[in-house]
Amino acid sequence: MKKYQKVAFSLERQIKQGGYRFNERLPSVRECCEQYGVSMSTAQAALRLLEDKALVEARPGAGYYVCYQDTEEYKLSHPGESHIHNRMLQVLSMCAGSGVTDLGTAVLSPGLLPKAALSKQLARLARYEMASLLQPEFSSGHLPLRQEISKRLRLQGIEAGEEQVLVTGGCQDAISMALATIASAGDTIAVESPCFPGLLQVIESLGMKVIEIPGSAECGLSLEALQLAVERWQVSALVICPDFSNPTGSQMPVDNRRALLELAERKDFMVIEDDLFSELQTAGESLPSLKALDQYGRVIYCSSVAKSLGSGLRIGWLCGGKYHQEIMRLKAFRNVSEPLIVQALVAEFMASGGYSRHIRTMGKRLQLNLKRMREWVLSSFPAKTRVSKPQGGFVLWVELPGIDSADLLSVAVANGIAFFPGDVFSSSGQYSSCLRLCGAFDDEDKVKAAVTRLGELARERI
Ligand SMILES: Cc1ncc(COP(=O)(O)O)c(C=O)c1O
């Protein structure tokens, strides 16, 4: 065996035994030279051989990444009911405890929000338009808001006129209505795993079953795992956040997006796209949404201003495609419309250009926050702690080396610190050694002190 084949063989064995996992970066050419005592050309030839065998792929400027996936690796749990609600209430109350620094809840701190501009616009609306804003609105939402949303969607490559936009009470409400329209109690819904707890709660409330599809913190949901799931079980819909999923911050590559849509068409399931983080991209290239790529009419698009203007406004929207009329009917039965004054406020803020300016400014701040928070975690948590490195959104996913995060939370709360433990991101008890941190803070000193102290508490548990 030639030298380069020996190096390739050794790396191949490590990949197949799980030493390097799917989407993980292999040692660089230079590192291979050092590790194996070979020349640059030998190391390069070894990596190219692995590439020829489709075990790794070269990413320009970034190095070689594992693309091999052992399908036996997917230990898919069976579709099952979700019972996360009570545990979520417990965690939320821990995070809201008095004197507790909440590092977990994924909300924007008030200091990041355009409070003065919003107050000014609200005062103007109250002064000049109160009478009309007190009248009922029986359409699919305040027209100026739907027009603004439609314009923003067009910028993202989504052709949806204002008549194809339905204003909802947030993104979760949009997903809930979409699911209630396309599936029934007992049906199985696929979700990315780990999955944001609100979605597990929605599925629980609708009496549907959930199947959790694993993925990676870089590329998100694994298509191979999804394919296995849809071949094994009847899946009615997939709910997915392709841009900066919560909690891992993963971003699905564009080829995977196309392949996902083809799979949905072939296996006849709907895709509910949760897009509320895509405007908060802080690095890398922005990718077309699933809705923009959808040629088959498979995607129901949902979003909101929760992660851009504040969760308290409770304004979201959806484009229901072929189900749009049915979802509108459900909305009319439920609560007719969202408060007009809030819809008008968001519409004015968007129309004035203030919304786009705010997103740009806040995006820079969030990027810096996440960078710093990662550094604090890496410098204060136990060795071998892994932290996600998202290119957008504002949450970090932390994998602890064998420490139970639920136990750590109890100790942390006693020390005045809270976070979201990993178990709330799964309905099948996974992620017990993980946790989520929120980087949308405005008080850097306080958060730095809390993260550092949390790291100490984690180290004490080793
Ligand atoms: C991925 C994701 N989707 C939806 C929501 C809920 O959004 P909204 O507050 O607009 O209902 C959240 C909130 O945390 C989220 O993280």
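A polar side-chain atom of Lys307 is placed 2.7 Å from an oxygen atom of the ligand. The protein covers 92% of the 400 Å² of accessible area that the ligand has on its own, with accessible areas taken from the Shrake-Rupley method with a 1.4 Å probe and, for residues, only the protein chains shown counting as cover. The model is predicted: local features need pLDDT of at least 70, side-chain atom pairs count only at pLDDT 80 or more, and totals for chains, interfaces and linings use all residues. Residues are numbered from 1 along each chain as its sequence is written, and side-chain values use heavy atoms, with hydrogens and water left out.

## Ligand surroundings

The ligand is surrounded by 13 residues, and the closest are Cys171, Asn246, Asp274, Ser304 and Lys307. A residue is near a molecule or strand if one of its heavy atoms lies within 4 Å of it. The table lists polar pairs; a polar contact is a pair of N or O atoms within 3.5 Å, where within protein one must be able to donate a hydrogen and the other to accept it, and residues adjacent in sequence count only if both atoms are side-chain atoms.

| Atom of the first partner | Atom of the second partner | Distance |
|---|---|---|
| Cys171, polar backbone atom | ligand, oxygen atom | 2.7 Å |
| Asn246, N or O atom in the side chain | ligand, oxygen atom | 2.7 Å |
| Thr181, polar atom of the side chain | Met177, backbone oxygen | 2.7 Å |
| Arg298, side chain | Asp268, side chain | 3.0 Å |

## Domains

The protein is divided into domain 1 (3-68), domain 2 (82-112 + 357-460) and domain 3 (130-352); the bounds come from an automatic or database domain assignment. The centres of domain 1 and domain 2, taken over C-alpha atoms, are separated by 34 Å.

## Strands and sheets

Helices (H or I, at least four residues) and strands (E, at least two) are DSSP runs, numbered from the N terminus. Two strands pair if DSSP finds at least two bridges between them.

An open sheet is formed by eight strands in the order S3-S7-S6-S10-S11-S12-S13-S5, and its pairing is mixed. Its edge strands, each pairing on one side only, are strand S3 (80-81) and strand S5 (166-168). S3 and S7 run antiparallel and are joined by two bridges; Glu81 has Lys209 as its bridge partner in S7.

Another open sheet has four strands in the order S14-S15-S18-S17, with antiparallel pairing. Here strand S14 (386-387) and strand S17 (420-421) are the edge strands, and each pairs on one side only. S14 is joined by two bridges to strand S15 (residues 395-399), and the two run antiparallel. Glu399 in S15 is the bridge partner of Arg386.

Strand S1 (residues 56-59) and strand S2 (residues 63-66) run antiparallel and are joined by four bridges. Within this pair, Glu57 has Tyr65 in S2 as its bridge partner. S1 and S2 form a hairpin with three residues between them, and Gly61 in the turn has a positive phi of about 75°.

## Helices H8 and H9

Thr181 is located in helix H8 (residues 171-182). Thr181 counts as buried because its relative accessibility is 16%; buried means under 20% relative accessible area, exposed over 50%, and partly exposed in between (1.4 Å probe, protein chains only). Apart from neighbours within four places in sequence, Thr181 is in contact with Tyr323, Glu326, Ile327 and Leu330, where contact means heavy atoms within 4.5 Å.

Helix H9 (residues 197-205) is mostly covered, with seven of its nine residues buried. Those buried residues are Pro197, Gly198, Leu199, Leu200, Gln201, Val202 and Ile203. Their cover includes helix H4 (85-95), H8, strand S6 (188-192), strand S7 (209-213), strand S10 (235-240) and S17. Gly207 follows H9 and has a positive phi, near 65°.

## The pair Arg298 and Asp268

Arg298 occupies the loop between helix H12 (290-293) and strand S12 (299-304). Arg298 is buried, since its relative accessible area is 9%. Its contacts, leaving aside neighbours within four places in sequence, are Ala264, Glu265, Asp268, Phe269, Met270 and Val271.

Asp268 lies in the loop between helix H11 (254-267) and strand S11 (270-274). Not counting residues up to four places away in sequence, Asp268 touches Val235, Leu263 and Arg298. From C-alpha to C-alpha, Asp268 and Gln234 are 9.5 Å apart in space and 34 residues apart in sequence.
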